[in-house]
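This report describes selected features of a single protein chain. The account begins with one strand pairing and then widens to the sheet, the helices and the chain as a whole.

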Amino acid sequence: MKTEFGWSDVATLILYVLSFFLLWEWLRPVEQITETANVHFFVIFAGLSLLLYYFEVNWVISGAIKTIFIIVVLQSLYFDVPLVGEGEWIGDFTSSVGQSVVMTIQQNWGGVSDLFRSLLFFVLLWLTAYLMNYWLAIRKQMFLFYLFTVIYITILDTFSPYDGSMAIVRVILFGFLLLGLLGLQRMADQERITLSMNQVQRWLLPLAILIAFSSAAAYAAPKAEPVWPDPVPFITSFGEGAGSGTGGVNRLGYGVDDSELGGSFIGDETKVFEATVEGDQYWRIETKDTYTGKGWEQSREADSLTPFTVGEFLPLTLAEIDEESEPKTVAIDVDLTYDHLVYPYAPDKVINADADEFRFNPVSEKITSFTGGEVTELGEYEWEFREPRYSLQALRNTTGPGQGSPSMEQYLQLPENLPERIRELTLDITEGEDNWYDKAKAVEGYFSRSGFIYEQEDVPVPEGDEDYVDQFLFETQRGYCDNYSTSMVVMLRSIDIPARWVKGYTGGEVIENLGDGRSIYEVTNNNAHSWVEVFFPEIGWVPFEPTVSFSNNISLNYDLDLDSETDTPETPEEAETPEPEVPEPLEEDTGAAGSVDDEGSSGPGGFEAFRNFVAENRMMIFLVSVLLAITGTVLYRKRNSWMPYVLIRYYRSQNGSEVYPKAYTSLLKQLKRYGLRRKETQTLRAYAKEVDNFFGTHEMSKLTDQYERILYRSEDPKDKWSNMRELWEDLIKKTTG
């Protein structure tokens with residue numbers, strides 16, 4: 001411990017004081033920009049630590065003093081009992097620390113107690129004071145800490161509510177004095193001299209006057225306007241994601257401002273949420289109805305929000321739902337929290353969530369969570385929903401313009417200056433279709449047939465009076481989901497079919513299969529998406545997916561019944577074997593041909609002979625029957641191994657327009673035998689994706705796409721089989737294992 005003092009020791013004390021003031025600048029903003037209170041305790045601890053280091057107190061005694069200080073402060077802050085006397089707080093103290101250590105190891109940061117956070121902060125200050133003592137007493141260099149202090153203050157002043165204008169002045173004063181004195185000490189050590197009071201004064205006073213004068217002059221001098229604009233709005237808009245309306249480069253993700261669409265996007269793998277659910281879903285957030293020529297807005301504000309709570313049915317019906325369909329559940333685990341909820345199609349109700357109530361916006365169909373009357377952000381919640389079913393026949397029953405109800409007027413809105421060639425193109429695309437559904441499918445498929453490209457980079461922004469959709473359809477023909485979905489809505493409205501623009505997320509990526517039919521899907525900002533909903537008067541809102549390279553995986557069911565004799569051709573297994581032609585019995589000829597004798601007759605004499613044969617060869621017949629039964633059983637059990645080759649040989653010899661539907665149906669039955677059973681409410685596309693995920697291919701999706709083209713678009717199947725036979729054979733061979 002230091003017992004004698006000279007002027008060099010006084011200079012060292014000044015160094016420790018100046019270092020303390022620099023460290024204090026790190027603690028000043030904490031109370032303002034975080035929820036930390038009682039920062040003065042941490043300031044006192046930092047000063048105490050540096051003072052103990054200056055006096056060179058034995059590390060055991062110094063450690064004991066700092067430990068006692070920490071315990072006393074934490075006990076006074078977190079326990080309403082006397083420090084001495086009742087000792088129950090000690091058990092609570094150690095228990096809280098122990099539990100928080102476990103939470104930290106498990107990376108469950110939300111479970112860490114405030115007491116443990118304060119303890120860690122004290123430990124951090126302890127280590128910082130030790131490093132500062134090392135830099136001062138041993139290295140006699142503090143420039144790095146001074147530089148980090150300047151950077152720390154400037155960053156907080158730029159990107160937080162903290163005003164660092166005076167802090168910068170203090171840091172400059174303390175920092176230059178500190179660096180100047182350290183320079184003097186380094187020279188004294190190199191020359192091996194002891195500093196006198198006169199030497200310290202001759203060095204310190206001019207330095208202090210020069211620094212004070214320079215700082216005052218700089219503070220009072222007139223300042224020029226910033227050369228660069230404030231970076232905060234740019235960085236904020238960059239991080240907010242899609243729909244920011246900047247027209248520049250944005251980051252993918254959900255945003256609220258869609259008034260000016262266009263511009264390039266940067267991919268963002270930031271995880272938004274995980275969904276534990278059976279089957280791939282599209283995750284809905286909101287809709288918008290007014291197209292301005294540049295982007296989307298809402299036609300009006302909702303008069304009021306409809307409240308509902310956990311367990312109550314959601315006041316939203318997108319389409320007629322089969323009440324007999326089995327409800328499903330989905331658990332949402334949120335990473336990037338918002339005050340709104342994502343939900344699957346046909347949601348029934350929220351069945352688990354930590355919120356007092358939810359409010360449904362009937363205009364945008366957005367759902368917001370509230371606790372204590374204030375908007376809250378949920379970390380997890382759970383939905384009950386049903387898979388929607390759409391009747392293909394009912395969809396095609398909607399024909400002609402003007403069948404929508406008056407409430408659909410906002411979904412037919414278009415700008416007055418919309419270019420006429422958009423409507424002309426739509427009429428040309430839908431020519432020959434006599435119902436809304438087929439017209440919508442024609443527009444949906446137009447983009448993939450006409451050379452449009454999915455592109456996130458170098459996407460133009462319409463300028464001046466140029467229309468966003470017109471630019472995409474007739475000039476650029478490249479873009480991302482907003483381009484495709486907006487264009488389809490506008491095109492359908494131009495021919496009097498009510499449609500609207502929908503925002504949310506695609507299904508995400510499977511990160512774990514749970515083995516009970518459910519999977520865990522990870523949804524990131526890259527899954528932010530927009531698509532189209534079309535209104536059918538007898539059904540409701542039906543989703544469509546026009547974006548190139550995307551498929552609508554929301555379990556649509558178009559009443560496809562593979563077991564129906566009218567809808568599905570027979571497979572070779574089910575085809576009836578034509579009965580052999582039996583020749584007409586000859587008329588009995590009693591003339592030259594003579595009569596039939598008894599041995600050749602099929603009367604009692606022949607039956608008696610058969611009975612005699614069985615009686616004489618009973619054992620042999622039994623053994624042959626057993627052998628045939630065993631062989632038949634083995635062949636039946638092993639049919640997955642040989643049936644694909646039988647089907648391949650059979651269909652290789654077939655030609656005609658019915659071959660591809662028959663072959664596809666046979667493939668479905670073989671997959672069912674193999675164990676990949678298609679669920680009752682599962683669409684072919686969803687089932688195809690499940691098969692492809694199992695085998696690690698894309699063959700089933702390609703085969704299904706061609707099959708649906710035949711079934712729903714009435715395309716000529718003659719060339720389908722020759723083009724797809726190899727894919728079909730490759731896939732069906734995979735079921736031989």
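## An open sheet of four strands

In this predicted model, strands β4 and β16 (residues 499-505) run antiparallel and are joined by five bridges. Within this pairing, tryptophan 283 stands opposite tyrosine 505 of β16. Both strands belong to an open sheet of four strands, ordered β4-β16-β19-β20 and paired in the antiparallel sense. The edge positions are taken by β4 (283-288) and β20 (540-544); each has a single partner strand, so one side of each lacks a neighbour in the sheet. On average, and with direction ignored, neighbouring strands of this sheet are turned by 40° against each other.

## Helices packed on the sheet

Two helices that pack on this sheet are α13 and α15. Helix α13 touches β19 (528-536) and β20, and its direction makes about 25° with that of β20. Helix α15 (residues 481-494) touches β16, β19 and β20, and its direction makes about 15° with that of β19.

## The contact of α12 with α13

Helix α13 (residues 436-449) also meets helix α12 (residues 420-429): their axes come within 10 Å and cross at roughly 95°. Because angles of 65 to 115 degrees count as roughly perpendicular, α12 is described as roughly perpendicular to α13. On the α12 side, the contact is made by Leu425, Thr426 and Ile429, while α13 contributes Ala442, Val443, Tyr446 and Arg449. By character, the residues of this contact divide into five nonpolar, one polar and one charged.

## Strand β11 and its two partners

Strand β11 (residues 367-371) is mostly covered, with four of its five residues buried. On one pairing, β11 is joined to strand β10 (residues 357-360) in the antiparallel sense over four bridges. Here phenylalanine 370 of β11 is the bridge partner of glutamate 357. The hairpin of β10 and β11 has six residues between the strands, and glutamate 365 in this hairpin takes a positive phi near 60°.

Strand β11 also runs antiparallel to strand β12 (residues 374-375), to which two bridges join it. Phenylalanine 370 appears in this pairing as well, standing opposite valine 375 of β12. The hairpin of β11 and β12 has two residues between the strands, and there glycine 372 takes a positive phi near 60°.

## A buried lysine

Lysine 328 is found in strand β8 (residues 328-334). Is this residue buried or exposed? Its relative accessibility is 16%, and because buried means under 20%, lysine 328 counts as buried. With neighbours within four places in sequence left aside, lysine 328 is in contact with Glu278, Trp383, Glu384, Phe385, Glu387 and Thr681.

## The chain as a whole

The protein chain has 22 helices and 20 strands. Of its 737 residues, 43% count as buried. The chain exposes about 40,100 Å², of which carbon and sulfur atoms supply 54%. Among contacts between residues at least 6 apart in sequence, 72% join residues at least 24 apart.

Note on methods:
Residues are numbered from 1 along each chain as its sequence is written. This is a predicted model: local features need pLDDT of at least 70, side-chain atom pairs count only at pLDDT 80 or more; totals for chains, interfaces and linings use all residues. Side-chain values use heavy atoms; hydrogens and water are left out. Axes are lines fitted to C-alpha atoms, for helices over the stretch in contact, and angles run from 0 to 180 degrees between N-to-C directions. Angles under 35 degrees count as roughly parallel, over 145 as roughly antiparallel, 65 to 115 as roughly perpendicular and the rest as oblique. Contact means heavy atoms within 4.5 Å. Ala, Val, Leu, Ile, Met, Phe, Trp, Tyr, Cys and Pro count as nonpolar, Asp, Glu, Lys and Arg as charged, and the others, Gly among them, as polar. Buried means under 20% relative accessible area, exposed over 50%, partly exposed in between (1.4 Å probe, protein chains only). Two strands pair if DSSP finds at least two bridges between them. Accessible areas come from the Shrake-Rupley method with a 1.4 Å probe; for residues, only the protein chains shown count as cover.
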